[in-house]
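Please open the model in your viewer and set the display to a cartoon, with side chains ready to be switched on as you go. The tour moves from one selection to the next and says what is found at each stop.

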Amino acid sequence: MTVIEEYNRRWDFFRTITGVAMKVHSKYRPGLLESAYEAALKYLLEQDGYQVERQKMLPIFWDNVQLDQYYKMDLVVNSNIIIELKAISYVDTQHRRQLWNYMNLTHIPYGMIINFGAESLFSEWYYRHPDTAEIEKIRLL
């Protein structure tokens, strides 16, 4: 196996999840609420053997005090992939920052943004380095 093939195989789960999202996008098309895409994606991923938590609560802390505020992560897959779903015209930096903040707050290493709102499905993949907390955009070679 070549270095490029090994690199691409390392991130294959991103491609698999994106393929499932493409099925949802093909059936539902743009124009529905985010929650409809979320429910369908959760169902199909579970059919493929993934463990999926929907609207997982993320508590907010000030130092060591838990505040009376939570964020809700759209989907958490196999406890190590956060999927942030959108149903908007285009994804902007503020949407990426939302995912990056979730990844940093939870230390979950993998993140995806999937946008169902445009005519073509949009998907971006990210990896959070455990030692540096730097977040890298993943591109297949």
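The stops below follow the sheet, then a helix that lies across it, and then the cores, in what is a predicted model.

**The whole sheet.** Begin by selecting the six strands, which form an open sheet in the order β1-β2-β3-β4-β5-β6 with mixed pairing. At the edges are β1 and β6 (135–137), each of which pairs on one side only. If you look along the sheet, the twist averages 35 degrees from one strand to the next.

**The first hairpin.** Next select residues 52–62, which make up strand β1, together with residues 65–77, which make up strand β2; these two pair in the antiparallel sense over nine bridges. To find one of the pairings by eye, display M57, whose bridge partner in β2 is K72. Then move to the two residues between the strands of this hairpin, where D63 takes a positive phi near 55 degrees.

**The second hairpin.** Keep β2 and add strand β3 (residues 81–86), which pairs with β2 in the antiparallel sense over three bridges. Here V77 has I81 in β3 as its bridge partner. This hairpin has three residues between the strands, and N78 takes a positive phi near 50 degrees.

**Where the direction changes.** Stay on I81 and bring in β4, where the bridge partner of I81 is Y110. In contrast to the antiparallel hairpin of β2 and β3, β3 and β4 pair in the parallel sense, over six bridges.

**The helix across the sheet.** Now show α3, which lies across β1, β2, β3 and β4 and runs at about 115 degrees to β1.

**The cores.** Which residues touch the most other members of the largest nonpolar core? Select L41, L45, I83 and I114, which hold that place among its 25 residues. The elements that give two or more residues to this core are α2 (12–28), α3 (34–47), β2, β3, β4 (110–115) and β5 (122–128), and the largest share, six residues, comes from α2.

Centre the view on I114 and display its surroundings: leaving aside residues up to four places away in sequence, I114 touches I17, A21, L41, I83, E84, L85, K86, L121, F122 and S123. For the last stop, select L58, V76, I108 and Y126, which are included in a second, separate core of eleven residues.

Methods: Residues numbered from 1 in each chain as written. Predicted model: local features only at pLDDT ≥ 70, side-chain atom pairs only at ≥ 80, totals over all residues. Heavy atoms only, no water. Pairing = 2+ DSSP bridges. Helix = DSSP H or I, 4+ residues; strand = E, 2+ residues; numbered from the N terminus. Core = buried A, V, L, I, M, F, W, Y, C linked by side-chain atoms within 4.5 Å. Buried < 20%, exposed > 50% of the residue type's maximum accessible area, 1.4 Å probe, protein only. Contact = heavy atoms within 4.5 Å. Axes fitted to C-alpha atoms, helices over the stretch in contact; angles between N-to-C directions.
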